[in-house]
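Visitor: Before we look, could you take me through the reasoning behind the labels used for this model, setting each value against its cut-off?

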Amino acid sequence: MLRVGFTSLHVPFRSWPRGTVKYLSRSAPGRPSFFTRTLISSTLELRWTHGSLTRSRSISSAATKEVVSSEQLGVTEPKVHSDIPIANADERKVSILWGPQRWSRFHHIWLRDHCRCPDCFHPITKQRLLNTFEIPADLKPIHVQGSTDGLEVVWPGTSTESHSSVYPWTWLQANTYDPALQTTPTRKVLWGSKIEKCPPSVTYTEVMDDKGLHKWLTNVETFGFCFVSGVPATPEATEELCGRIGFIRETQYGKFWEFTADLSKGDTAYTTMALGAHTDNTYFTDPCGLQLFHLLSHTEGSGGATLLVDGYYVAALMKELHPKFHDLLSRVPIPAHAAGEPSALYTPSPPAMYPPLRYHPSTKELVQVRWNNDDRSVMSHLLPDEVEEWYQAIKIWNELLTKPDSEYWVQLSPGTVLTIDNHRVLHGRSAFDGKRRVCGAYIGIDEYRSKLAVLREKFDGTDDNGENKVWRPEDSRSIWNSNL
């Protein structure tokens, strides 16, 4: 629950919504809780005194004649709590005062659409039951007030009965849009070659338990990769490990794959050649989310070291050192193809729509790196005056990717599985000789994010109201879950 830690608050009328409002008064017991008045050019002074709120205000004489009592509104007098935010309603919005000069405003139609009572939102399926398209555009609440449970709103009904909605304060704060919520970027650790000193790792025994699985996937989200040690060096154990996350994604390479350098598939991964840092599936509309590798054996030869590069780290370098070229890579799309299999020809749909660096349109946070120069198709869509600059941009990008400070090299061994976030970390390998057996799989980004979200519900230790919570198997998902 929000604690308002101030003793005196001066709010100029210009900071309040214009028009006629109904607002909650925390004055002496017995006085009406809601008043209708017209705002005028003056100052409203709020003071907390020993847990109660008093108001000195200047209002028009006409406004004082329009007092609406709680009894007339059909509601009981609310309990007075000094930590309850103040709620006001005008012709179009409900405004909430969280603290000094800190407001949120919610349109009436938005609030009605997000009612989550059992009649409007199914408590089991978590699906909307309310017919959004029947909400009147000029809908106004009959009554609004703050309580310990949240914002309480009474709406006019389609018949003689009204409809009540309650919105938790924490939920409203998390979903405020007027003003826009200042979001905190997802916590990610950017890294270079020095990650070799302490790479993220969990044990096979740990991940067979949900708590260890949570640690594993949290490491992947934070660093973009994680090792799992102590895995039996068999395809069966590796496939079981993949299943701990979610469904394995089947592609033209199969479902769970095992390969050697025999060119059984039309891809350079099935050779002994060195592979530069790249992400997989740039030729898919939806590249895989995670990739898991397990070196089962390497006999009669050497080489084949694994290369990892944090694409978010390199993108940050480029944005700082070469902002103009960084802009090109976040704006100019690159077409790609997978054409080595006679039975398959993959290109993204629609083509030439996906740049190497994709940023979230609202938060401006980097959300995906998509780069494989070997699979790049014809760049026929470049603007004539950007051709030379674009080639300069990808040259600088490649130089930053291949800097010793960016590269983390590791020699994998049987028993260690490498998990990579394919939307962030680029991987490659050095050339090798001998016989090298590798198995692994792709897992979709949605399966990975779903599993992590479920594990967070179980282990993060708080409920949707911010209170400490001990998870129990019989617990159902809250209708106010932040993902809904």
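Visitor: Why is Thr-222 called buried or exposed?

Guide: Thr-222 has a relative accessible area of 7%, and buried means under 20% relative accessible area, exposed over 50% and partly exposed in between, with a 1.4 Å probe and protein chains only, so Thr-222 counts as buried. This is a predicted model, in which local features need pLDDT of at least 70 and side-chain atom pairs count only at pLDDT 80 or more, while totals for chains, interfaces and linings use all residues. Residues are numbered from 1 along each chain as its sequence is written, and side-chain values use heavy atoms, with hydrogens and water left out.

Visitor: Where does Thr-222 lie, and which residues does Thr-222 touch?

Guide: Thr-222 belongs to helix α6, residues 210–223; helices (H or I, at least four residues) and strands (E, at least two) are DSSP runs numbered from the N terminus. Setting aside residues up to four places away in sequence, Thr-222 touches Arg-187, Lys-188, Val-189 and Arg-424, where contact means heavy atoms within 4.5 Å. A polar atom of the Thr-222 side chain also lies 2.8 Å from the backbone oxygen of Thr-218.

Visitor: What makes α9 roughly perpendicular to α10?

Guide: Helix α9 (residues 323–331) and helix α10 (residues 387–401) pack at an angle of about 100 degrees, their axes being 9 Å apart; the axes are lines fitted to C-alpha atoms over the stretch in contact, and angles run from 0 to 180 degrees between N-to-C directions. Angles under 35 degrees count as roughly parallel, over 145 as roughly antiparallel, 65 to 115 as roughly perpendicular and the rest as oblique, and α9 is therefore roughly perpendicular to α10. On the α9 side the contact is made by Lys-324, Phe-325, Leu-328 and Leu-329, and the residues from α10 include Trp-390 and Trp-397.

Visitor: How do the residues of the contact of α9 with α10 divide?

Guide: They divide into eight nonpolar, one polar and two charged, given that Ala, Val, Leu, Ile, Met, Phe, Trp, Tyr, Cys and Pro count as nonpolar, Asp, Glu, Lys and Arg as charged, and the others, Gly among them, as polar.

Visitor: Which residues touch the most other members of the largest nonpolar core?

Guide: Of the 27 residues in that core, Trp-216, Leu-217, Val-228, Leu-241 and Tyr-448 touch the most other members; a nonpolar core is a set of buried Ala, Val, Leu, Ile, Met, Phe, Trp, Tyr and Cys residues joined through side-chain atoms within 4.5 Å. Among the elements that give two or more residues to this core are α6, α7 (235–243) and α11 (445–459). Leu-217 touches Ile-245, Tyr-448, Lys-451, Leu-452 and Leu-455, not counting residues up to four places away in sequence.

Visitor: Why does Lys-364 count as exposed, and why is Lys-126 called buried?

Guide: Lys-364 has 57% relative accessibility and therefore counts as exposed, whereas Lys-126, with a relative accessible area of 17%, is buried. Lys-364 lies in the loop between β20 and β21 (366–369) and has a positive phi of about 65 degrees although it is not a glycine. Lys-126 is in the loop between α3 (108–113) and β10 (143–147), with phi near 60 degrees, again a positive value in a residue other than glycine.

Visitor: What makes Cys-115 count as buried?

Guide: Cys-115 has 3% relative accessibility, and therefore counts as buried. Leaving aside neighbours within four places in sequence, Cys-115 is in contact with residues including Cys-120, Phe-121 and Ser-164. The C-alpha atoms of Cys-115 and Ser-164 are separated by 8.7 Å, although these residues are 49 residues apart along the chain.

Conventions
A polar contact is a pair of N or O atoms within 3.5 Å; within protein, one must be able to donate a hydrogen and the other to accept it, and residues adjacent in sequence count only if both atoms are side-chain atoms.
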